[in-house]
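Reader: I'd like to learn how to read a model like this one, feature by feature. Where should we start?

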Amino acid sequence: MTAPATGLVRRRLTVRGTVQGVGFRPYVHRLADGLGLAGFVGNTGDGVIVEIEGPADQVDRFCALLAQQPPPLATVSGIAGEDLPATGDTSPFTIRSTERAGGRTQLPPDTATCADCLRELADTADRRYRHPFVTCTHCGPRFTIATGMPYDRAATTMAAFPMCPSCAHEYGDPADRRFHAQPVACADCGPRLTLIPALGGLRPARDANALATARALLAAGRIVAVKGVGGYHLACDATDERAVAALRDRKERGGKAFAVMCADLATAERIAVLSAAERAALTSPRRPIVLLPRRTEPDGLRLAGQVCPGSPHVGVMLPYTPVHTLLFGLPGDPPGPRMLVMTSGNRSGEPIVTDDADALTRLAGLADAWLAHDRPIASPCDDSLLRVRPDGTEQVLRRSRGHVPRALRLPVPVPPVLAVGGDLKNVLCLAEGEHAWFGPHIGDMGVLATQEAAERAERHLTRLTGVTPALVAADRHPGYHSTRRARHRASRTGDGSLRLVQHHHAHIASAMAEHGLDGTTPVIGVAFDGTGYGDDGTVWGGEILLADYTGYRRFAHLTPAPLPGGDAGVANPCRLALARLWAAGLPWAPDLPSVTACPDLELATLRRQLDRQVACVPTSSMGRLFDAVSSLVGVCHRAGYEAQAAMELEAAALEAGDADAVAYPFDITGAGVLACDPAPMLRTLLADQRRGTPAPVLAGRFHRGVALAVAEICHRARAASGLTTVALTGGVFANGLLEEECAALLGRDGFTVLRHGEVPPNDGGLALGQLMVAGTATNHETE
C-alpha cells in the first residue's frame, strides 16, 4: 500500500481487534488531525473503518503510526487496506455515525477505574467530585452494559441517560479524555444511587446520603448488598467477627472462604505476603481476586476468623469501581472499615443477582440494606480469581470480569460452534474461524435459575460476537443439565448437529488450544479431576491420555475404587477413605481417623453397601483420592463445599514445608492400559500414621508420591509413543503444590510442560476444549 512520494491518495483501512469502547476512534481522529489529513473514522460490525486522504507521504506515515501507540485498553489484531481514487477532500477529519452491519468486533472487558478518574473523584474542585459513576475512555464498564454491537451509547444500558450539555461537550471534544466515551455521565445526567434498608428505623436514601448510610451500616457490623458493574455483592466488615459469622450463617456458606476487598495495596500488605507479580496482578486494570499467602502475624490488622477458616491463603482484591472507593471513604469522611468481605450476591448454588427487584426478594434475609443504582446490568459478570505461581506466571481459576469477552486466538480455524461446558463452574464458549469468546462464569447448573442464566449468557454473547453456531458441543455425561440443554437447543433451533465430547479429552484439548498447538502432534495429557463420564460408563478422573483434537487413547489411569452413594458420597470424605481401603484390601482399624468419624450404624451400612456393591459406581477419580487421603490423615471428614477436603489437605502439606523428601509409592502395572494403584501408598501412609507422624507430613508425602507417579507414567508414555509434551489439566491442578511438583519433575526429565494460564484448568475452561474437538474431529459421537 506504499503510495508515490507526491500527490494526493485516499486509502480505506479496516482495523480489527479490541477497538470499540476504548477510545480508538478519538485516537485515530487526533492522529489524522495532527497530520493534516481529511477523511473519517467510524465503528462497523467488523471493527473500525478509516478513510484517509492527503499527501502520499503523510498517508503512509498515518498508516505506519496507526497501530504503534493505541489507547491503553485497545488491542489491534489486524489492519486491512485498499487504495481508493482521491477525491480532493480537504475538509476536517470527522468521526461518523456507526454502521450497524454484523461482524466480528471485539468488545473490551470491564476495567477498573483509572488513576485520572480517581483523582477527579477525590478533587473537591472537580465537577465529578464524589460522582459514583465517574469513567472515561480508559476505564469503566463495557461488557456488562453492552446490549449489542457495534458499541455505541444507543447499544448500551446508558441509552436511558441523555447527556447534559457539559457531558455532551466532553463527548464531542476530540481533545477531551471522554471523547466518545459511551458511559460518560455526571451527577446531573447519570445513574443515581439508592439505599433501601431492611432494618426498621431507617429511611431510604439517595446519592451521597445513600453512600454515607451504607458506610455507617458497614461500620456498625451490618451486611449490605452492593450493586456493582456485573452484579450484587454481599459486603460486611472483614474484621468484625459477628458480622462475618452472620453473613456465613445467612448465606449457608459452610467453611468456604470469603474474598476480601482491601481499601488499598498498603492494607492488603498488612494481611498477606505479596510478591512483585502478585502486586502487579492486584493493581492491574482487571482487578481480579488474587489468592495470597496470609501473614502469620498481621501488621495490626486482623481478619475475622471466619473469613477463610483453615486456609493459609486469603483471596484479596482492590476497589475497581468508584462506588467501592467511596465505600472506603475519601479524606474527611468518618472512619470506616479498611477491609470488606465482598462475596457474590446470591444464595449458595444460585447465580449472581443483577436485577434490582430480584435482589430485594432473592437477597431478603441475607442483607440488612441494599445499595443499588438505576443503571441496568446487561450481563452478569462475577469477579475473576487467580493465583500467581512462584515463577510469576498466573493461573486463572475463574475467568470472568476483566477477561470476558476478550477473544482467544485459536491455533486451528473452526466452523461456527457453541460449546456449553460442564455442570460445575459452567462457562460457555463461542467460536468461529480463529477466534473464541468465553462467556462469564455461570456456576452450578444443578438449579433452574443457573440454567436460565446460562441461556441468557448465550443470547448475550451471540449478540456481541455475531456468531451463529452450526455446531453445538457438550459433554458426554448423559445426566448433565448442560448436555440436556444442548440437546434441547439443537432440536429446537435445527441450526446444526450436536457433538458430544469426552470430558477429559476436552480438558486436554483446552490446554493444547491455550498454548497454540495445532494438533498435528498428540500430547501426553494428564487430566485429573473429580468427575468425568468415562467410555466404559464409570466415573473417570485420574486419566493419562495420548490425545490430539481428533481423538485420544487411554494410556493409564488411577485404579478404580467404589464411589458409595455416587455424587452424594462426595460430601463424605470419610466414606471415600474407607471405600479406598476396602478396594485395597486394608482393614478399618478402630483408631483410624476415618473410622472414628463415622457412627457405628454408618460404618455397618457402608460395609454392607461395599460388600454387595449397591450404588457403588467405580471411579478412577484423582480428586476423590485426594478427598479420601484428607480423611485418612484426619484433616477433613465431611465436606461442606466442593473440593474442601482436597484444599485442606494441600494446606496441611504446605504447613509441613519441603524439608521432608519422602514420597509415598504407587504401583504402576499392566499391559496396554496401565493402572496406577494407590494401595502401596495407603499401606505406607497408615504405617507412618501409627508411628505418630503428623498429618502435615503425611499430606506432603502423599503429594510428592502423586507427582512421582505422574512423572513415571509420562516417562513410560514417551518410551511407548515418542511424545515429549505433557499437558497438566483438570481441577486437581488448581492445587498449586501438586502442579509445581509435577512440572518440576517433568521438566527435569526433558518434557515440555503445558500448564494453564488464562484458561482455567477446571471445568471453567472445559468449553474451549469441547469446541476445538467438535470443530476439528470427525470420529466422535454426532447427533
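**From one side chain to the whole chain**

Reader: Where does D60 lie?

Author: D60 is part of helix α2, which spans residues 56-65. Helices (H or I, at least four residues) and strands (E, at least two) are DSSP runs, numbered from the N terminus. Residue numbers start from 1 along each chain as its sequence is written, and side-chain values use heavy atoms, with hydrogens and water left out. Keep in mind that this is a predicted model: local features need pLDDT of at least 70, side-chain atom pairs count only at pLDDT 80 or more, and totals for chains, interfaces and linings use all residues.

Reader: Is D60 buried or exposed?

Author: Here's the scale: buried is under 20% relative accessible area, exposed is over 50%, and partly exposed is in between (1.4 Å probe, protein chains only). D60 has a relative accessible area of 22%, so it counts as partly exposed.

Reader: And what does the side chain of D60 make a polar contact with?

Author: A polar contact is a pair of N or O atoms within 3.5 Å; within protein, one must be able to donate a hydrogen and the other to accept it, and residues adjacent in sequence count only if both atoms are side-chain atoms. Here the D60 side chain meets the side chain of R11 at 3.2 Å. In sequence, D60 and R11 are 49 residues apart, and their C-alpha atoms are 9.6 Å apart in space.

Reader: Which side chain does R485 join in a polar contact?

Author: That would be E458, with a distance of 3.1 Å between the two side chains. R485 is in helix α12 (residues 481-493), and its relative accessible area of 11% is why it counts as buried. Contact in general means heavy atoms within 4.5 Å. Setting aside neighbours within four places in sequence, R485 touches V420, M445, Q451, A454, E455 and E458.

Reader: Now for the strands. In what order do the 11 strands of the open sheet come?

Author: Two strands pair if DSSP finds at least two bridges between them. Reading across, you get β7-β6-β14-β8-β9-β13-β10-β12-β11-β15-β16, with mixed pairing. At the edges sit β7 (205-206) and β16 (394-398), each paired on one side only.

Reader: Which helix packs on the sheet?

Author: Helix α8 (residues 276-283) does, and it touches β11 (289-293), β12, β15 (385-388) and β16. For directions, axes are lines fitted to C-alpha atoms, for helices over the stretch in contact, and angles run from 0 to 180 degrees between N-to-C directions. The direction of α8 makes about 155° with that of β11.

Reader: Let's zoom in on β10. In what sense do β10 and β12 pair?

Author: Parallel: β10 (residues 259-262) and β12 (residues 313-317) share 3 bridges. A259 has G315 as its bridge partner in β12, and V260 stands opposite V316. With β13 (residues 339-344), β10 runs antiparallel, again over 3 bridges; there C262 partners M339.

Reader: Are the faces of β10 covered or open?

Author: Both are covered. A259 and M261 are buried on one side, and V260 and C262 are buried on the other.

Reader: What about odd backbone geometry? Which residues does a cis peptide bond join?

Author: Most residues other than glycine have a negative phi, and most peptide bonds are trans. In this model the bond between V404 and P405 is cis, with omega about 10°. P405 lies in the loop between β16 and β17 (408-419).

Reader: And where is R287, with its positive phi?

Author: R287, with phi near 50°, is in the loop between α8 and β11. At 13% relative accessibility, R287 counts as buried. H180 also has a positive phi, near 55°; it lies in the loop between α4 (165-172) and β6 (193-197) and counts as buried at 18%.

Reader: Zooming out, how many helices and strands does the chain have?

Author: There are 22 helices and 29 strands. The C-alpha atoms fill a box of roughly 90 × 65 × 50 Å along the principal axes, and 58% of the 783 residues count as buried. Of the contacts between residues at least 6 apart in sequence, 72% join residues at least 24 apart.
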